[in-house]
Amino acid sequence: MEIKGSSRWLAVLVGAALCLEAAGTVQASRPVLRVGIHDAGPDIGVADGAGAYHSINTDYMQILASYAGMDVVFVRGTARECEERLARGEVDVLPGLVRTEERARTMAFSHLPMGLGYTTLYLRGGQASLYDAQTPLLLGTLASRYQSGQLPELLSGLGRPYETETFRNFRTMENAYQAGRLDGYFVANQVMGEQDAAAAFDANLLYFAVRADNRELLARLDRAASELAIVRPMLLEKLYTLYRRQDLGRALLFDPAERQFLAEHQTLRVVCVARERPYAYTGADGRLHGALKRIVSRLEQDLGVSISVETLTDSEEAYARVVQGEADICLNMTWEPGWAARKGIDQTEPFMESYYTHVVRRGSEVPDAPRVACLDSRFADTVLTRRFGGDKLLRETSDAACLADVRSGRADIACIRQEAAQYQTMRGDFPDLVSTEAVVYRKNVAMGVSQQADPALLHLLDKEIRYMGPDVTEAYFVQQTQRAINDRSVFSYFYNYPLQIFGGVLAVFLLGAAAFWRYRRQRRRNEQRLQGILDNDRYTGLHNVTWLEQTGDALVKARGEEAARMAAVVIKVVQPSVITATYGREALVTLFKRLGERLTGESWAALVATRTNAAGAACLTHPVEREDLQVALRRILADSEYLQVGHMLVRIPLEAGVCYLGAPPMDLNTAINNAGLAAQEAQPLCFFNSALQRDTLLRSRMESLQQRALERREFHIWYQPKYDLVTRKCVGAEALVRWQSAELGFLPPGKFISLFESNGFITQLDFYNLEHVMQFQRDCKAKGLPVVPISVNQSRLHMREKGYLHHMRALVDRYTTEGIELELTETAFDFGSEAIREHSLAVVTALHALGFAIDMDDFGSGYSDLSLLNQLPLDVMKIDRSLLLASEESERMRVVLKMMIDLGHSLGMRVICEGIETEEQEELLRNCGCEYGQGFLYGRPMQRADFEAFLRAHA
Ligand code: C2E
Ligand code: MG
Ligand code: MG
């Protein structure tokens, strides 16, 4: 309860009324104790809206009243008002008074003191201005307040004249000071920030007092106070800690003697027992580290001196240094003043409390009489010896050594500082040890100075300790622990968080496993898709030949000896490019789809594949008799020949080749190739046989020899003359290649041209031949031989060859096109697409433009496309021998032949017929209007020398 008021009379009235009211309401249970309190300074205050008081005086009275079984009502006023109210009986008790003789006349003082008060002098400019100037001072003081007798002494000691002015309350005095009317003032204790504080002095015990005649109340309160002193011996200290020590920012005030001491000792020598992290330890640099290092820095900063530190591990040695005057201060000693005094050391107030804890092996049982590793210290001598027995102690020189003892089993327990235990276990150097964390002992740590030293040193150290307060050391430990967390080894986490880490690892593992499983599934799908692409024919979607070969191998092996009667079957379309050009690729796709399905349905077919690109289907059979297979295949060929394209029923000629695997079974790839070769020979069905086998062998030999043959000039050009049918004179020749092979003997073009066309070598050979002929023409000219046009065959591959025209142009530049004709067959214009057709036409047009005459070779042998005659710049129509033979047989064909010859003429072409062997044939042709001819009748292809002679005779 608080009473506010600007007027003291009002305050008294209201206070009295409230007191009466309070007394009236609670009297039934507890009597009321009216306590007068004065605002001698702002440290007696009401801090919150709930009306709670916060000061040593009010808290003490509250506790005291409770012990006396009373309720408290506080009545606020100035110091003088409080004393007047007590005299009038308006309040019962006043707390926090200094006992003076004058007061003892009207008041009865408590038996026990309730605290300690002193006086602080505040001056503008703080302590410095007290010593630095000599001007007279005007100082404020509070009326009716205990007047310090020591002040005159203090100021006169400085030779400083002063006067005082008395104020009724703190606020008016403070106002006067703020307004500059006062140089300073003095008040009870320290009430404000350190800036203006100049001196603190004259400590006095404080008592509570009642009116002199109220002995009964005093007895009751004294009894309560006595009980409190016994039951709560630390009460006053705790209140002091609560309200004074934790107030930071109080001034650090030195008296003249202390100032003198500091002036004379600019360097202080400190010795420190350093053997525990993070409390105090010697770093790698040989210097002191840890919390005590912070204390040293703080001393340097606050006292304005420099400090040299020597670190030791033996405490007795450290004390000896101080006693012998080799060090001024021992930084850390167990606080035990009597023990220290016997060594000749005076101790300061403890500046920190150390807490000790036990560290044991993880999961181990501690025996009843454990061996204890500890540091050699006063603490071990007393507390630990009492507790465990001196013979059970293992005295070490560092906390790490203590922990190592426990780890090795030399000790059961390490008794070390709690923060050291925390630090070491946190860092993870001793992951197998665990701290109980509980505080099992505590001890106070103080500094020690020699009893021979200037007492000023002890004073100023105590002042410094008070000034630092307890928070400082605690803050240091927090920092050090933080450092331990930073230094922490990864290993320690496994010990400290086994479950969490196990859970984390498990989670990561599961996630990884899930990701891997997904990856594997995706990969399998991709592989399946890729395998599908690899195994299936793009167009029909049925299996392809690669798949057949791979799958078939296992099947063949499984059949053992029976495999000899298994066969590879290949079915092909005759002239597929014509079908594609005429009916589109779809027609082929449909055909092979149907064929594939048909084959699959056959009982003898084991595996079926299609190869739309090569216009074929392939099949591996179960063991089957040759005759049965033959019948079955002929039926299939006959049935599949007709295909519905749009509204038309189209005949698509098929051919089939068969190759038995034999014993031992040949590999499938070879068997399929052989069947393919057989299919080429098929009319329409052919079984691969020994002749084909030889042929195949020969083809592969030729292939391996072809390049070398070119280099060795094994290809020879033979010349076959062309005749004028009327004059019977030689009017030209055709260059025809022969291979005089060192290994294979003489080979006509029919043996190797188709092979070279299939492997592409023909393009090289053609250039070689063409150049040879051009050279021949140049030589003839040079030798003065008759020069007749010579035609050179050009493979259809050139139509799609890159750089063909470029190459031809180079030849033209070197030689001449004069007397050179190029023979192209119709198949050069077997086009897969309109684009290729366009390209081929462009190439021929360009050749013509280069100066070559163009002959249409083998005209009438195949699907003669008459539109070609219109589109191409043709000079010569060369009628195929088959047409001549057919005309001999039939009158109708003769009509066709004549019409063709006429067509050629009317398109402005010369017409020549090849393969004339008889006079009758010559006659027939002449009758049909054909002007030129080529054939055995006039001359077989002959070697260069023979032809030169022939030219001389017949040209
Ligand atoms: P081709 O261009 O139609 O050549 C005419 C073929 O008919 C030649 O066969 C020739 O010897 C043959 N022949 C000529 N007169 C008669 C005859 O009265 N009766 C019979 N039964 N045949 C006769 P050869 O020399 O065996 O050439 C075959 C094919 O090889 C040529 O047919 C041509 O397509 C090709 N060829 C020859 N040399 C070359 C060449 O250098 N390059 C290219 N790309 N193909 C060539
Ligand atoms: Mg020819
Ligand atoms: Mg020909």
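The legends below walk through several close-up views of this predicted model.

**View 1. The magnesium ion (ligand 2) and its protein donors.**
Start with the four side chains that reach this ion: E734 (OE), N793 (OD1), E823 (OE) and D857 (OD) are its protein donors, lying 2.0 to 2.4 Å from it. Along the sequence these donor residues follow the spacing E-x58-N-x29-E-x33-D. Two of them show how distant parts of the chain are linked here: N793 sits in strand β34 (residues 790–793) and D857 in strand β36 (residues 853–859), 64 residues apart. Their surroundings are worth a look too. N793 is partly exposed, with a relative accessible area of 23%, whereas D857 is buried, with a relative accessible area of 5%. D857 falls in the buried class because its value is under 20%, the limit for that class.

**View 2. The magnesium ion (ligand 3) and its protein donors.**
Here the donor list is D857 (OD), D858 (OD), E914 (OE) and E914 (OE), with distances of 2.0 to 2.8 Å from the ion. Note that E914 appears twice in that list. The sequence spacing of the donor residues reads D-D-x55-E. D858 in strand β36 and E914 in strand β38 (residues 910–914) are 56 residues apart, so to speak a link between distant parts of the chain. As for exposure, D858 is partly exposed at 23% relative accessible area, and E914 is buried at 12%.

**View 3. The two magnesium ions together.**
Which residue coordinates both the magnesium ion (ligand 2) and the magnesium ion (ligand 3)? It is D857, and the two ions are 3.9 Å apart. When you trace this view, keep in mind that D857 is buried.

**View 4. The largest cavity and its lining.**
The model holds 8 cavities of 30 Å³ or more, and this view shows the largest cavity, with a volume of about 200 Å³. Its lining is made up of 21 residues, and R275, E276, S377, R417 and K443 are the ones nearest its centre. Several elements each give two or more residues to that lining: α12 (315–323), β16 (329–334), β19 (372–375), α14 (378–388), β21 (413–417) and β23 (441–450). What kinds of residue make up the lining of the largest cavity? They divide into 12 nonpolar, 4 polar and 5 charged.

**View 5. F351 in its loop.**
Look for F351 in the loop between β17 (345–347) and β18 (352–361). Is F351 buried or exposed? With 4% relative accessibility, F351 counts as buried. A446 makes a handy partner to display alongside: F351 and A446 are 95 residues apart in sequence, yet their C-alpha atoms are 5.6 Å apart in space.

**View 6. Strand β1 beside strand β4.**
Strand β1 (residues 32–38) has 6 of its 7 residues buried, so it is largely enclosed by the rest of the structure. It pairs with strand β4 (residues 71–77) in the parallel sense, over 7 bridges. To find your bearings, locate V35, which stands opposite F74 in β4.

**View 7. Strand β11 and its pairing strands.**
Strand β11 (residues 197–211) is mostly covered, with 11 of its 15 residues buried. Three pairings can be followed in this view, taken here one by one.

- Strand β5 (residues 93–98) pairs with β11 in the antiparallel sense over 4 bridges, and L94 stands opposite A209 in β11.
- Strand β6 (residues 107–109) is also antiparallel to β11, with 3 bridges between them; here M107 stands opposite R211 in β11.
- Strand β7 (residues 115–123) is joined to β11 by 7 bridges, and the two run antiparallel. In this pair L121 stands opposite A199 in β11.

**View 8. The assigned domains.**
The domain assignment of the chain gives domain 1 (498–535), domain 2 (545–688) and domain 3 (712–954). How many Å separate the C-alpha centres of domain 1 and domain 2? These centres lie 43 Å apart.

Terms used
Residues are numbered from 1 along each chain as its sequence is written. Chains are lettered from A and ligands numbered from 1 in the order in which they are written. This is a predicted model: local features need pLDDT of at least 70, side-chain atom pairs count only at pLDDT 80 or more; totals for chains, interfaces and linings use all residues. Side-chain values use heavy atoms; hydrogens and water are left out. Donors are N, O and S atoms within 2.8 Å of the metal (3.2 Å for Na, K and Ca); water is not among the atoms, so sites may look incomplete. Buried means under 20% relative accessible area, exposed over 50%, partly exposed in between (1.4 Å probe, protein chains only). On a 1 Å grid over the protein atoms alone, a cavity is a set of points where a 1.4 Å probe fits but cannot get out, and a pocket is an open set with protein on both sides within 12 Å along at least five of seven lines; lining residues have an atom within 4 Å of a point. Grid points are joined across faces, edges and corners, and a volume is the space filled by probe spheres set on the points. Ala, Val, Leu, Ile, Met, Phe, Trp, Tyr, Cys and Pro count as nonpolar, Asp, Glu, Lys and Arg as charged, and the others, Gly among them, as polar. Domain bounds come from an automatic or database domain assignment. Two strands pair if DSSP finds at least two bridges between them.
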